[in-house]
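Biologist: I've just opened this model and I'd like a guided tour. Mind if I fire questions at you while we look at it?

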Amino acid sequence: MFRKRPPPEEERRVRANDREYNEKFQYASNCIMTSKYNIITFLPVNLFEQFQEVANTYFLFLLILQLIPQISSLSWFTTIVPLALVLSITAVKDATDDYFRHKSDNQVNNRQSQVLIRGSLQNEKWMNVRVGDIIKLENNQFVAADLLLLSSTEPHGLCYIETAELDGETNMKVRQSVSVTSELGDPNNLATFDGEVVCEPPNNKLDRFCGTLYWRDSKYGLTNQNMLLRGCVLRNTEACYGLVIFAGPDTKLMQNSGRTKFKRTSIDRLMNTLVLWIFGFLVCMGVILAVGNAVWEREVGSLFQSYLPWDPPVDNFLFSAFLSFWSYVIILNTVVPISLYVSVEVIRLGHSYFINWDRQMFCSQFNTAAEARTTTLNEELGQVEYIFSDKTGTLTQNIMSFNKCSINGQAYGEVTDPLEPPPKRLDFTPFNPLADPDFCFYDDTLLESVKVGDLHTHEFFRLLSLCHTVMSEEKSEGELVYKAQSPDEGALVTAARNFGFVFRSRTPGTITITEMGRPVTYTLLAILDFNNIRKRMSVIVRNPEGRIRLYCKGADTLLFERLHPCNQELMNITSDHLNEYAADGLRTLALAYRDLSEEEWEAWSESHRCAGKATDCREDRLAAAYEQIEQDMMLLGATAIEDKLQEGVPETIAILSLANIKIWVLTGDKQETAVNIGYSCKMLTDDMTEVFIISGHTVQSVRQELRRARERMIEVSRGRDGGKEGGVEGWEGACYNGNGFGGGQAGATGGGGGGEKQLQCPPPPGTPPPPPPPSPPPPLPPLPPQPPSTLMDNISGEFALVINGHSLAHALEADMEAEFVLTACACKAVICCRVTPLQKALVVELIKKHKKAVTLAIGDGANDVSMIKSAHIGVGISGQEGIQAVLASDYSFSQFRFLQRLLLVHGRWSYLRMCRFLCYFFYKNFAFTMVHFWFGFFCGFSAQTVYDQYFITLYNIVYTSLPVLAMGIFDQDVPEQRSLEYPKLYEPGQLNLLFNKREFFICIAQGIYTSVVLFFVPYAVLSDATQSTGEPLADYQTFAVTTATALVIVVSVQIALDTGFWTVINHVFVWGSLGCYFTIMFAMHSQTLFIIFPNQFHFVGSAQSTLLQPVVWLTIALATVICIVPVLAFRFLKLDLKPQLSDTVRYTQLVRQKKRKPVGRSMGGVRGGVGSVSEGRLGARGSSRRSGYAFAHQEGFGELITSGKNMRLSSLALATFASRHSSSWIDTLRKKKHAHTHTPPSASGECSPAPSYVSGSVPPLSTSSSVLGGSQDTPVEEGTHTPPVQSAQVDPVPSTHTPPPSAPASEAACVDVVSPTSVRCPGGDSPGGWTLSLGMVQEALFGWKGIAARTSGSSSPGPPSVAKETSNTE
Amino acid sequence: MAKEKANSGPLARRPDNSAFKQQRLPAWSPMLTANTVLPFFYCMAVLCMLLGVWLLVTVQNTQELKLDYTEAGTCNACFAKRENASNALQPCNCTVVFPIEKAFKGNVFFYYGLRNFHQNLRRYMDSRDDAQMVGRKKNLKSPSTYCEPFEKDENGLPIAPCGAVANSIFNDSFTLVYHGSKGSTIHVPLYRSGLTWYTDKNIKYRNPKFVVGALQEYPNAFAGTAKPLYWHKPVYELDPHNPDNNGFINEDLIVWMREAAFPNFKKLYGILNRVSEPFTEGLPVGNYSIEISYNFPVQYFRGRKEVVLTTVTWFGGQNHFLPIAYLVTGGLILLLAVILTVIWWKFGKDGKNMKE
């Protein structure tokens, strides 16, 4: 720890395979050391650290004082015994902790990696890896250090990594080596590689790397794309080679992990403040007594000198007073006994063990029990107000399952009826030998529909098997492994596979699937890749018959806009289904296709190619091109994927929020996914008044959005609080109340429900719908004065806030943060998406800074580490994603739902126990110590103690420690199940009611009162009393024994009153302590000890001669009664007049009344949306919910596929082989286009990154037909090509799903549409015009209803949601 | 933590299902309900009051007489004489006369009392060597440093007993004289032994070992030690009448060495010897005088000296505080109990939460 740090690097130079050269720079080695001590340094360093604790130093100081005979009012051992005890306990604990750190360090440092040394691969431990080494990584290995990727076994130096440990994103990422090094390939070539890398110094930016490679006189730029960072796992890549750039503590992972902060609980801090106050109090008492001593020595002591001359150094009363001050400091130091700290630690340790032992927090799936890794934070668990949760792996299992689907208006998927036994899982194997055995589906109607050959169903699954970027690997025949970039894509392809449309393999230009047992190869003409704005992806394929079809899947909001108008009816049904799915928290995708004619295709592909080649605004042009073709599609249906939540997550969140804990989700995921999960785990509910989405990209817009949100809140809450008599607002409120979420519920409840609703809130006839409360016009009016925070605190209504990572970055800026906190804290739920690990920590810090609240962060991945570390309490989810989070955490368990038990049961109890413990502890020490103060007035302020010195030594560590420890460890006010039943019981902890300054003063007052009684009652009685044999009782020893006994009895009675839960242990400890007191006292006063050490045990015989006196017992009894009765009366009154909830629960328990309904459980929820709710917002919310677009993946994979970069020759060969027999058409096609066909592998070599169409099948020349021309044709062709769909729509299809009145309406709309569509064609000559006219279409469609909604909708992110419209229709 | 178990199934690390570990120990959770608290208060009140009454009655049967003799009677001359330390060695006797109007029945205890004498000062109390007093030769010869400055005399001889406590021993002696009705004067016989705790007399204070029956046994035992500075005679000559009451086991010394807790105290001087008439029943009514050998100076510390005569009951001498305190406490508890009952009756929630 005293190692000198080299000066900060300015740049890093690393030469490959040249250790001598690299050693010059003294880069950190790859050895990671988190331990603090070794065997030799342990004692000095540990003692040094311990004496940095103020308390320990203080006691050392006291010890030194006691060694001065003129001052020493107590023997040295009264201090040294406890001090030694404390130091050794702490040392043992530190040693154990450090031992485990050593162990884990060793484990990491001793991981093996293959290092290229002098041309050969050698196994080396991680710790021996040096900067500049070349190491080989194999599949599924952890990356040992930050590496520059040199080459890989995959083509083009590509390799795949999973960065879950690093940033929590579970999708795979691609890294590519610089082309020159990727050719190096095998170890022999690499051994001679002597490139030099010059790059930035170590930093913590995970997504940025900037450097240059100098090799063979050329320069190559290096970016993050070339880097493999420590903590990543290599996936889907056989092996790769990398050059170590940063090692050990310099790696981005370690740089990101932040410094370990010593966490203190708020009780700790309060305790420290109080201890300081007590020190102040102590000094005051010392001063008072010293002044008393000065006066006394002057007035009396000086006269008494003939009997007791002053000690030699003392020559006047002032000096005597000075010494007396220190003497009293020694005596009175027991107001803050050292055992306080030890006892607190012991209690916390006990609570930690209870957490470790809790069977209800044991997860048998992972065979992990909960673990309290830090033993010092337990009571803080009872005060948590904010929980920051990661999403993936914490709330969700990160398992996607294809759950439901809607095909052509028919919904399939399990009907979750909790009453019925769960239906049998479908067995696919007899039907489909290629089925994935792990796939679960329960609805056999879907399978039947596939079997009978329903065209739509087939097309549906065909789409799923074609439209994706999954790579397949077929190790042996039929044993398919899909490498999906995102788990949801994998789930979809797997679903298709099980329903008979097995995706087998792909080449850059083909996709081979096995359709119902028949292999079919499609020509892949283009992949219209996914991106965040498009929220959809399409493929254009040519089937063996030569028909070209575009398959598209994507977010319904975007897809529905691009459907052919005659899909209206189907769209309504499907969107009803989608609403249902969304309400269940499923991630939905809508699927559609479009048939393309050859001409259309060729025209488009030409324009596409132009766009791809454009140098400026390529992205925009491409997007426009995509937009152009993805039109007039025919809806197939929708899928619903369940992002499986961890068990019990919604319940846990519900209970926690009833306990007034605010839950923030901080996730690296996309907004849609995050919001979706928010709904599915009931953080966001339909009852919420409003959900605000902040996604501005600039400071200004973020500020505006935040302010707007706040204004809305105030507005709504004013509306709510103020009278809302009748009028438009009232009507709206009622309407909203009945129909929480637009069409979603209407659809779910079916036609009848819709009719009823109409009765409930009929639109005022003849008048246009009430103008929605204007959502603030875009140019913000001059800022209203900052709403006072009290106003914001009293916001009624439930709001939620969703904020994007880039907006968050602005919101976290210094001048914005207050505003952000103000807004966010008024919301019931906050979801931050797309946040970086650092931002997570910043958010936590922000709340810590602005709110005096206890924060808890829970997460499972390495990306949560910083947040876990910066929160007051960090909880790691173990057993899922690695152990980084667990290692950084304070508590770990394997299921999110254990959080409720951790907080509501363990935390609550810990807090309660700790508070009771502290109250009692301060009380008992004041009662004990202040007696000396009163005695000072009678003993000439000479610092004479009241008690025997052994009593003083043992009082805190023996006589009174165990009962209070037992209470501190075992006490329970209400049984555990009650604290889960009544989450409101958690509130006292958050409000810090049980131990605060007020409580402290009450305790102190009680202690002082007790000390007064304990001194003056014996004084009054004994000063005159005699034994029955005539000997006076007023001697010092009798007085000491009497007072001590009275004290022990009083504090024992007091602990008996405080103990609410008398287990055997409490009994043993309380009675045992009393017994112990008498036993030890008799032993100390026995003649045996006296005869051995006459000067040490001069109380010989006091115990027996004192305790045999009835007067003494009468005195003790009197003192006890006087001490206890007021307390008893006070407590009784408090309980009787102002019972706390816990008292009530306890009382109920006691009286065994019939159990009542949980308090507060049903609170909230029902009140729904009274007051005005912006229609536009509602629409926005609908859309945000609905677009739970099930893609977690990134853009760019389509490009990789079409360029064939990510395909191995072997797999290509396999694919061609697989498709050969069935796809001779492809060969003919190839021959036809011979001149322009490239073989895929060679094509990919120099391929520019741009267009993701397949060059092989593109017509050679761009025709003169414009983009428009192509689209003009489309409707016509569509009409001819899709009769089945059309007819299906005309059929009065599943009337059960459609409210009868709506069917003719939409049909009419469908007819209506024809004219605007035809009008549109000549007019629209640009993509912009196109969209505009689309808007017109929609207006025409819903014109009579939609205008108002649309106006307000313009401020919301999405176009007006169809769901909303339909609900209005009804 | 959990012991390593033989089975390594999926539940191998599951914590034990013991009541202790799962915090389900059977327990008694008492609560302060009106049913328990109010009856308890009434009981306590009654109990305290009964006890108070009983004690009061008992105390009424005791008698006590206090007599400040610092300057009383002929003692004012001695008081003046003792003001000057140089007269310390000159004897001074005086007499104080007092009547007893009501006979002291039963055992009568004779105390001397000091006021404003701080035996409870820390340094004073420390200034003694119990190892010496228990007769350890080593400590006899080299007393503890705590005894300073009364550790060695000016010749460097160790002082026995050393320390400020022993040095300041109360050295007045008293003779109680009964002036009978016929003008006769009878010396009231007092036991001058049995004044100490058993443990003090038999364990805490021992003389140094010496050969029993040898010539000059005591002086030999204490050979090589000096008497404390303020003493008139060495420790082995404290009781001229009873040779066994000498050395460290002298009862007056032991009584003195048991330091008082407060600056005003009394110490037992003697017990009425009731073997002979007229004292078989206690002290009869009549005039008494105390002949005092007035040695102990109190002027230095503005102290007072007194003698106390008292009879005792089962719980000791006259002590009015205890019964009165019990009566008052009992009364207050009763009052409190009534108030609590009223409050409970009128406003009590019976454990129900207000919010509901």
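**A helix, its neighbours and some odd corners**

Biologist: What do the buried residues of α2(A) pack against?
Modeller: Some terms for this predicted model: helices (H or I, at least four residues) and strands (E, at least two) are DSSP runs, numbered from the N terminus. Buried means under 20% relative accessible area, exposed over 50% and partly exposed in between, with a 1.4 Å probe and protein chains only; contact means heavy atoms within 4.5 Å. On that footing, the partners of the buried residues of α2(A) are two helices of chain A, α3 (54-66) and α4 (77-109).

Biologist: What pLDDT do local features need?
Modeller: Residues count from 1 along each chain as its sequence is written, chains are lettered from A and ligands numbered from 1 in written order, and side-chain values use heavy atoms, with hydrogens and water left out. As this is a predicted model, side-chain atom pairs count only at pLDDT 80 or more, totals for chains, interfaces and linings use all residues, and local features need at least 70.

Biologist: Which residues of α2(A) are buried?
Modeller: The helix has 12 residues, 39-50, and reaches 17 Å between its end C-alpha atoms, close to the 16 Å expected (1.5 Å times one less than the number of residues). A:Ile40, A:Leu43, A:Pro44 and A:Phe48 are out, being exposed on the other side. The buried ones are A:Phe42, A:Val45, A:Asn46 and A:Gln50.

Biologist: And within what arc do they fall, seen down the axis of α2(A)?
Modeller: The arc is taken from the directions from the helix axis to the C-beta atoms. The buried residues line one face of α2(A), because they fall within an arc of 130°.

Biologist: Which residue caps the N-terminal end of α2(A)?
Modeller: Look for a polar contact, a pair of N or O atoms within 3.5 Å; within protein one must be able to donate a hydrogen and the other to accept it, and residues adjacent in sequence count only if both atoms are side-chain atoms. Here the backbone nitrogen of A:Ile40 has a side-chain oxygen 3.0 Å away, and that oxygen belongs to A:Asn38.

Biologist: Which residue does that job for α10(A)?
Modeller: With 16 residues, 317-332, α10(A) should span 22 Å, and the 21 Å between its end C-alpha atoms agrees. Cover for its buried residues includes α3, α9 (266-301) and α30 (898-936) of chain A together with α3 (122-126) of chain B. At its N-terminal end, a side-chain oxygen lies 3.0 Å from the backbone nitrogen of A:Leu318, and the cap is A:Asn316.

Biologist: Which backbone oxygen does the side chain of A:Asn378 reach?
Modeller: A:Asn378 sits in the loop between β14 (371-372) and β15 (384-389) of chain A. Its relative accessible area is 0%, so A:Asn378 is buried. The side chain of A:Asn378 makes its reach at 2.7 Å, to the backbone oxygen of A:Arg348.

Biologist: A:Lys263: buried or exposed?
Modeller: A:Lys263 is in the loop between α8 (252-256) and α9 of chain A. Leaving aside neighbours within four places in sequence, A:Lys263 is in contact with residues including A:Leu377, A:Ile868 and A:Asp890. Relative accessibility is 12%, so A:Lys263 counts as buried.

Biologist: What is omega for the peptide bond from B:Glu277 to B:Pro278?
Modeller: Most peptide bonds are trans. B:Pro278, in the loop between β8 (265-272) and β9 (282-283) of chain B, follows a cis bond. Omega there is near 0°.

Biologist: What is phi of A:Ala943?
Modeller: Most residues other than glycine have a negative phi. A:Ala943, in the loop between α30 and α31 (949-959) of chain A, is buried because its relative accessible area is 0%. The phi of A:Ala943 is positive, near 65°.

Biologist: What is the mean pLDDT of chain A?
Modeller: pLDDT is the predictor's confidence in each residue, from 0 to 100. In chain A, 76% of the residues reach 70 or more, and the mean is 75.

Biologist: How many contacts does the stretch 723-789 of chain A have beyond near neighbours in sequence?
Modeller: Treat that stretch as a low-pLDDT one, with values below 50. In the model, beyond near neighbours in sequence, its contacts number 84.
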